[in-house]
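User: I have a chain to look at and I would like to know how its labels are earned. Please go through them one at a time.

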Amino acid sequence: MLLRPAQYVVACSSKMAEDNGITCITKAEPPDYETVLDLTMRVFLGELGSDFGFNGSRKKAFAEIRDEQGASLRGILADPLAASFKASLGEMVVGFITCSDSGVLTNLAVDPSARRQ
């Protein structure tokens, strides 16, 4: 039997922080969109930085990729059949994962500072 997102357990505890630094794993919701998008962009593309005289072409490309990724994340977070979770270290979201309604992993992003935790 396949579990639906509402059936998934989330965890927040001081014991988690003692064990591995992650303090909370909760369901990601549409209001988490900007935070999750920022994390995803930072993990996969890094920071934009300077265009070094390339007439803003890197900035334009970065914005286009952000828009495409953002549209995808909005759909994922709004899908009632998908499972989306975020991992936090204190107040900072350091991880994000989504699975389709069939259980296929569709997105995984972990901040480099929180990897292996």
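Analyst: A charge sits over a ring if NZ of Lys or CZ of Arg is within 6 Å of the ring centre and within 35 degrees of the ring normal. The model here is predicted. In it, Arg74 lies over the face of Tyr33, at 4.1 Å from the ring centre.

User: What makes Arg74 count as lying over the face of Tyr33?

Analyst: The distance limit is 6 Å from the ring centre, and Arg74 is at 4.1 Å from the ring centre of Tyr33. The rule also has an angle limit of 35 degrees from the ring normal. Arg74 is listed as lying over the face, so both parts of the rule are satisfied.

User: How many aromatic pairs are there?

Analyst: The count is zero. A pair needs ring centres within 6.5 Å, so a count of zero means that no rings of Phe, Tyr and Trp pair by this rule.

User: Why is Thr40 called buried?

Analyst: Buried means under 20% relative accessible area. Thr40 has 2% relative accessibility, so Thr40 counts as buried. Thr40 belongs to helix H2, residues 33-45. Its C-alpha atom is separated by 8.8 Å from that of Gly95, and the two residues are 55 apart along the chain.

User: Is Ala87 buried or exposed, and why?

Analyst: Ala87 is buried, because its relative accessibility is 16% and the cut-off is under 20%. Ala87 is part of strand S3. From the C-alpha atom of Ala87 to that of Ala114 the separation is 9.6 Å, with their positions 27 residues apart along the chain.

User: Why is S3 described as largely enclosed?

Analyst: Six of its seven residues are buried, so S3 is largely enclosed by the rest of the structure. In the chain as a whole, buried residues make up 32% of the 117 residues.

User: How do you know that S3 pairs with S2 and with S4?

Analyst: Two strands pair if there are at least two bridges between them. Strand S2, residues 24-27, is joined to S3 by four bridges, and S3 is joined to S4 by seven. Both counts meet the rule, so both are pairs. S2 and S3 run antiparallel, as do S3 and S4. Phe85 shows the two sides: its bridge partner in S2 is Lys27, and it stands opposite Ile97 in S4. The hairpin of S3 and S4 has two residues between the strands, and Gly90 there takes a positive phi near 65 degrees.

User: What makes S4 and S5 a pair?

Analyst: Five bridges join S4 to S5, and at least two are needed, so S4 and S5 pair. They run antiparallel, and one of the bridges links Thr98 to Asn107 in S5. S4 and S5 form a hairpin with five residues between them, where Gly103 in the turn has a positive phi of about 90 degrees.

User: Which residues lie nearest the centre of the largest pocket, and what makes its lining mostly nonpolar?

Analyst: Of the 13 lining residues, Ile25, Ala87, Gly95, Phe96 and Val110 lie nearest the centre. By class the lining has 10 nonpolar, two polar and one charged residues. Gly counts as polar, so Gly95 falls in the polar class. Strands S3, S4 and S5 each supply at least two residues of the lining, and S4 gives the most, with four. The space in this pocket is about 200 Å³.

Notes: Residues are numbered from 1 along each chain as its sequence is written. This is a predicted model: local features need pLDDT of at least 70, side-chain atom pairs count only at pLDDT 80 or more; totals for chains, interfaces and linings use all residues. Side-chain values use heavy atoms; hydrogens and water are left out. On a 1 Å grid over the protein atoms alone, a cavity is a set of points where a 1.4 Å probe fits but cannot get out, and a pocket is an open set with protein on both sides within 12 Å along at least five of seven lines; lining residues have an atom within 4 Å of a point. Grid points are joined across faces, edges and corners, and a volume is the space filled by probe spheres set on the points. Rings of Phe, Tyr and Trp (its six-membered ring) pair if their centres lie within 6.5 Å; planes under 30 degrees apart count as stacked, over 60 as edge-to-face and the rest as tilted. Buried means under 20% relative accessible area, exposed over 50%, partly exposed in between (1.4 Å probe, protein chains only).
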